[in-house]
Structure formats: C-alpha cells, structure tokens
Amino acid sequence: MSDSKPAGQFFDAAIGLLRRVQDEEAGTIEAAGLLLADTVASGGRLFAFGAGHSSLAAQDVVYRAGGLALMNLLAVPGAVGVDVMPATLGSALERVDGLASVVLDCSPARAGDTLVIISLSGRNALPVEMALHARDLGLKVIGVTSVAYATETTSRHHSGTYLKDHCDIVLDSKIATGDAELTLDTIPAPFAPASTVVTSAILQAVMATAAASLADRGIEPPLLRSGNVDGGHEWNGQVFEKYGERIFYRH
C-alpha cells in the first residue's frame with residue numbers, strides 16, 4: 001500500500017526495486033550462486049571488492065554470521081568506504097589508472113578464484129580495470145552494477161567500456177542513474193538512495209544460492225555462526241581451522 005509520507009515512499013520504492021530484481025534477475029542470481037559453489041567445491045577462494053559506498057555491500061558478505069567463511073574482502077587502500085580524509089579522496093582514487101592491477105597483483109587472488117566486483121555506475125577506471133585484470137589472471141568475475149549507467153553516462157576508463165563489459169556474470173541492480181528514489185518540490189535535489197539496500201539483498205540471495213548448491217552436492221557449506229550465540233565462537237573456530245588456507249581476513 002502506498003504511503004504519502006517520505007519514509008513510506010522510500011520503503012515502497014525499495015520494495016519495488018527488490019521485487020523487480022527478484023523477478024528479472026532470478027536467472028543471473030542463480031548462476032552467480034552456482035559459480036561461487038563451483039569455486040568452493042574446486043578448492044578456490046572467494047573475494048569481494050567495492051569502492052566508496054559500494055564497499056558496504058562487499059563488506060556485508062565478509063566475516064558475516066550466516067555467510068560463507070571463504071568470502072574475503074579485496075581492499076584498495078583509500079577506496080574502501082568513506083574512512084579517508086578528505087572523503088572525496090576515495091572518489092578520486094576510483095578514477096586512477098593502474099591502481100586496480102597493482103592491488104590484484106599484490107593480493108592472494110589467483111587463477112581459479114572468483115571475484116565479486118560491486119560498482120553502482122560501473123564507469124570508473126578502478127572497477128573496470130579490476131575486472132579486466134582479474135580475468136587476465138584467470139579469475140571468474142561477477143559484477144553487481146546498474147546497467148542503466150552504461151547508456152546514460154560516459155565511461156571514465158580509457159577503453160570506453162564499463163564493468164558490465166568484463167564480467168562472466170552481470171547482476172543488474174536496476175537502480176536509476178543518480179541513485180535517489182524521491183523528489184519533492186521543496187527540495188532542489190533528489191534524495192533517498194536505495195542502492196545499498198538492493199545490492200546487499202542481491203548478494204545475500206547469491207550467498208544463499210551458493211550454500212544450498214553446495215549442500216545439494218553433499219558438501220557442507222563453510223558457514224559462520226554468530227559469535228553472540230552460545231557455541232558460535234567454537235563453531236567458527238572449527239571452520240577457520242578447516243579452511244584457514246582460503247581465509248585471509250584473519251592474518
């Protein structure tokens with residue numbers, strides 16, 4: 001039911017986007033989950049990368065209760081979240097050529113692993129180069145982006161391409177260009193972004209698919225439990241011991 005108040009309007013918009021993703025991206029979400037399961041089953045490792053606010057969704061699937069223990073954050077110094085000063089430095093680093101290749105070459109990622117790259121616009125040099133170099137290194141790449149940006153903005157990568165052009169699987173978040181769901185006559189700019197809500201939901205749907213797929217193959221998915229429930233730390237300790245060589249956020 002529609003609500004005339006801004007809070008209700010935002011919930012309506014977010015729910016509408018989630019329903020659209022559920023309907024239109026079901027096949028690609030399934031494919032992404034199966035790819036993660038394939039990677040785990042074959043002994044590979046999992047990585048997630050996002051810059052700026054896109055990093056929030058990447059961090060949400062790393063060291064997460066109910067999540068896959070093998071998902072590691074691939075961090076680019078200065079570009080993870082808004083923890084640098086000034087905050088605009090992070091945005092500037094997204095446009096620097098060569099940075100992604102250096103980070104990947106210095107990371108533990110290798111052929112046979114899978115990298116999830118989250119970039120709402122998919123237009124900046126950092127995510128495009130990350131996808132290009134990852135595939136050159138033999139990684140599989142899952143991109144989470146808004147495909148609309150590719151038709152409504154100009155690429156900032158020298159190739160003129162976008163993240164979506166260099167992925168094995170593309171998950172379209174359906175977010176409109178500008179990432180703001182509401183407008184009011186009394187406010188000069190659009191407001192209320194929904195990309196974090198939608199992107200995080202997409203990735204959790206992918207993780208759920210991966211866990212179920214592993215179980216269907218007779219493989220117990222390496223899931224973490226909350227440290228705030230009895231026995232949680234002990235459970236996680238066993239997972240870390242078993243999969244320690246494929247988990248990098250503990251070193």
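**View 1. E24, partly exposed at a relative accessible area of 44%, and its salt-bridge partners.** Everything in these views comes from a predicted model. Start with R20, whose side chain meets that of E24 in a salt bridge, at 3.2 Å from N to O. Both residues belong to helix α1 and sit 4 residues apart, which is about one turn of the helix. R20, like its partner, counts as partly exposed, at 40% relative accessibility. Follow the charges onward and you find a network of salt bridges that links R20, E24, E25, D172 and K174. One of its links joins the side chains of K174 and D172, at 3.6 Å from N to O. Are K174 and D172 buried or exposed? Both are buried. As a general point, side chains of opposite charge can pair when their charged atoms come close. A search of the whole structure turns up 9 salt bridges.

**View 2. The salt bridge between D60 and R64.** Here the closest N and O atoms are 2.2 Å apart. R64 is partly exposed, because its relative accessibility is 37%, between the 20% and 50% cut-offs. Just before R64 comes Y63, in the loop between α3 (54–59) and β2 (71–73). Keep an eye on the backbone of Y63: its phi is positive, about 50°, although the residue is not a glycine. Y63 counts as exposed, at 52% relative accessibility.

**View 3. An aromatic cluster and a charge over a ring.** Y63 shows up again here, this time in one aromatic cluster with F240 and Y249. For another kind of ring contact, look at W235: the charged end of R225 sits over its ring, 3.9 Å from the centre.

**View 4. F47 and F248, a stacked aromatic pair.** The ring centres are 5.9 Å apart, and the planes make an angle of 15°. Which parts of the chain does the pair tie together? F47 lies in strand β1 (residues 46–50) and F248 in the segment after α9 (232–243), so the contact bridges parts that are 201 residues apart in sequence. The two rings also differ in burial: F47 is buried, at 2% relative accessibility, whereas F248 is partly exposed, at 24%. Across the whole structure, a search finds 5 aromatic pairs.

**View 5. The largest nonpolar core, with 44 residues.** Which residues have the most contacts inside this core? They are L36, M71, V116, I142 and L171. Helix α8 (residues 195–216) is the biggest contributor, giving 7 residues. Apart from this core lies another one, of 20 residues, including A79, A109, L139 and C167. In general, nonpolar side chains in soluble globular proteins tend to be buried together.

**View 6. L171 and the residues it touches.** Leaving out residues up to four places away in sequence, L171 contacts E25, T28, I29 and A32, then I142, G143, V144 and T145, and finally I202 and V206. Two of these names come up in other views: E25 is in the salt-bridge network, and I142 is among the residues with the most contacts inside the largest core.

**View 7. Two cysteines, C106 and C167, in different surroundings.** C106 is exposed, with a relative accessible area of 68%. C167, on the other hand, counts as buried, at 12% relative accessibility, and belongs to the 20-residue core. How many disulfides does the model contain? The count comes to 0.

**View 8. The loop that holds D179, between β5 (169–172) and β6 (182–184).** D179 has a positive phi of about 50°, although it is not a glycine. The residue is buried, because its relative accessibility of 13% falls under the 20% cut-off.

**View 9. Two long-range C-alpha spacings.** F11 lies in helix α1 (residues 6–24) and is exposed, with a relative accessible area of 55%. Its C-alpha atom and that of E181 are separated by 9.9 Å, although the two residues are 170 residues apart along the chain. Now try E30, which is in helix α2 (residues 26–41) and is partly exposed, at 40%. Between E30 and L184, 154 residues apart along the chain, the C-alpha separation is 38 Å.

Note on methods. Residues numbered from 1 in each chain as written. Predicted model: local features only at pLDDT ≥ 70, side-chain atom pairs only at ≥ 80, totals over all residues. Heavy atoms only, no water. Core = buried A, V, L, I, M, F, W, Y, C linked by side-chain atoms within 4.5 Å. Buried < 20%, exposed > 50% of the residue type's maximum accessible area, 1.4 Å probe, protein only. Helix = DSSP H or I, 4+ residues; strand = E, 2+ residues; numbered from the N terminus. Contact = heavy atoms within 4.5 Å. Phe/Tyr/Trp six-rings, centres within 6.5 Å; stacked < 30°, edge-to-face > 60°. Lys NZ or Arg CZ within 6 Å of the ring centre and 35° of its normal. Disulfide = S-S within 2.5 Å. Salt bridge = Lys/Arg side-chain N within 4 Å of Asp/Glu carboxyl O.
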